[in-house]
Structures are given as C-alpha cells and as structure tokens.
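Colleague: I am new to this model and would like a close look at a single part of it, followed outward to whatever surrounds it. Please take it slowly and keep the steps connected.

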Amino acid sequence: MTTVTKSIDVDVPVRRAYDQWTQFESFPAFMGGVESIRQVDDTHTHWTTKVGGVEREFDTVITEQHPDERVAWKSTDGPTHAGVVTFHRLGDSQTRVTVQMDWEPEGLVEKLGSAFNVDDHQVQADLKKFKAFIEEQGAPTGAWRGDVPAGNES
C-alpha cells in the first residue's frame, strides 16, 4: 500500500475552501489525470481517470464528511484506494488543506511511479492547482454542507 500526505495553505476562508472541495465534478480543473467525475448521489461518485496512458473507471463512497472539517472516501470497485482531506482554519482568510491518500498501485507503470515518488509530486502539484483555482474564483462553484457520520460504507 502506498501513502501520500501533502498540505497547502490557501488564502481563502475555511468555508470557501471546503465548499469548493465538495464540488467533485470540478476536480478535472485542478487534478491531473482526472478526466471526469459524476456525482451519483450525496455520498457516491463515479470517476474516469487517465494516468500514464491507462484509463480507469471506478466508484467511490464518502465514508465521513463534516462541514469545514473533513471529507473521507474509499473506492467501492476498481483500484483500491481511500483518503481524507482536512481543512484547518489558520486565520479569517487562510486555510490549510491536507490530503492523505492510500492506494494499492496496480501494474508496472503505477508500481514504478510509486517507487520513484511520482505520486507525491502529483498530489502536491494538484494541491498547487487547487490553490490557484480557489484563490482566483470569486466564490466556490457550489457547496454541499451535509454531514456524513463516520463509518458510512453504503
């Protein structure tokens, strides 16, 4: 299993950073390799990715979500992965966004990428793009402020 933990400080209030992160369908704007995300319902998403020429489709479930604090997820099919993003208020207009992801690399390309820390660099690059995206927006592209208690697996 591979684990990556990266953080970035964004110059927006915690609510704005959190609200934007809950707009999963906007992820292709700042996440490399993400072709599309479709929100199926409040806790389920369908992803299409293309990394290193390999296209994958998979589903995820939000396993825990608390407004302005955290969003946790795991895959329900396809590549085995899970993660959590947390939001920490640093001031009235500054937030630390921390992403931790765990996954099982599949195939030679993913295993080599993991061995050479390509995953670490990609997550950090995506966070930098998120920073630019959220700081340039006048407001989030939407928000979902629902609460999902820990242990949601369905």
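Modeller: Let us begin with two neighbouring strands: β2 and β3 pair in the antiparallel sense, over five bridges. Please keep in mind throughout that this is a predicted model. The two strands form a hairpin, with four residues between them, and within this pairing Ser-36 stands opposite Thr-48 of β3. On to the next strand, β3 and β4 are also antiparallel, and here the pairing runs over eight bridges. This second hairpin has two residues between its strands, and Gly-52 in it takes a positive phi near 60°. To see one position of the β3 and β4 pairing, look at Thr-49, whose bridge partner in β4 is Arg-56. When you follow the side chains here, it helps to know that in a regular strand they alternate between the two faces of the sheet.

From the strands we can turn to the aromatic rings. A pair of such rings is described by the distance of the centres and the angle of the planes. The structure holds 10 aromatic pairs, and one of them joins Phe-27 and Phe-30, whose ring centres are 5.3 Å apart and whose planes stand at 55°, so this pair is tilted. Both partners are shielded: Phe-27 counts as buried at 3% relative accessibility, and Phe-30 counts as buried at 1%. Back in the hairpin, Trp-47 and Phe-58 form a stacked aromatic pair, with 5.7 Å from centre to centre and 15° between the planes. Trp-47 belongs to strand β3 (residues 44-51) and Phe-58 to strand β4, so this pair ties together parts that are 11 residues apart in sequence. Trp-47 and Phe-58 are both buried. These four residues are brought together with others in one aromatic cluster, which consists of Trp-21, Phe-24, Phe-27, Phe-30, Trp-47, Phe-58, Phe-130 and Phe-133.

Trp-21 is a useful member of that cluster to follow next. Leaving aside neighbours within four places in sequence, Trp-21 is in contact with Phe-27, Phe-30, Met-31, Val-85, Phe-87, Val-99 and Phe-130. Trp-21 also appears in the largest nonpolar core, which has 29 residues and in which Val-10, Trp-21, Phe-27, Phe-87 and Val-97 have the most contacts. At least two residues of this core come from each of β1, α1, β2 (34-39), β4 (54-66), β6 (81-91), β7 and α3 (118-136), and α3 supplies the largest share, five residues. The hairpin strands β2 and β4 are thus among the contributors to this core.

The helix α1 can be described in the same terms. Seven of its eight residues are buried, so α1 is largely enclosed by the rest of the structure; the buried ones are Val-14, Arg-16, Ala-17, Tyr-18, Asp-19, Gln-20 and Trp-21. Gln-20, which is found in this helix (residues 14-21), has a relative accessible area of 0% and is therefore buried. The side chain of Gln-20 reaches the backbone nitrogen of Thr-141 at 2.8 Å. Not counting residues up to four places away in sequence, Gln-20 touches Ser-26, Phe-130, Phe-133, Ile-134, Ala-139, Pro-140, Thr-141 and Gly-142, and two of these, Phe-130 and Phe-133, are members of the aromatic cluster described above.

Finally, there are the charged residues. Side chains of opposite charge can pair when their charged atoms come close. A search of the whole structure finds 10 salt bridges. Asp-9 forms one of them with Arg-96, where the closest N and O atoms are 2.7 Å apart; Asp-9 lies in strand β1 (residues 2-10) and Arg-96 in strand β7 (residues 94-103), so this pair ties together parts that are 87 residues apart in sequence. Asp-9 is partly exposed, at a relative accessible area of 26%, and Arg-96 is partly exposed at 34%. Glu-64 forms a salt bridge with Arg-70, with the closest N and O atoms 3.3 Å apart; Glu-64 is buried at 17%, whereas Arg-70 is partly exposed at 27%. In the salt bridge between Arg-89 and Asp-92, the closest N and O atoms are 2.2 Å apart, and here Arg-89 counts as exposed at 54% while Asp-92 is exposed at 65%. Asp-19, one of the buried residues of α1, takes part in a network of salt bridges that links Arg-15, Asp-19, Asp-68 and Arg-145.

Key. Residues numbered from 1 in each chain as written. Predicted model: local features only at pLDDT ≥ 70, side-chain atom pairs only at ≥ 80, totals over all residues. Heavy atoms only, no water. Buried < 20%, exposed > 50% of the residue type's maximum accessible area, 1.4 Å probe, protein only. Polar contact = N/O pair within 3.5 Å; in protein donor to acceptor, adjacent residues only side chain to side chain. Contact = heavy atoms within 4.5 Å. Salt bridge = Lys/Arg side-chain N within 4 Å of Asp/Glu carboxyl O. Core = buried A, V, L, I, M, F, W, Y, C linked by side-chain atoms within 4.5 Å. Phe/Tyr/Trp six-rings, centres within 6.5 Å; stacked < 30°, edge-to-face > 60°. Pairing = 2+ DSSP bridges.
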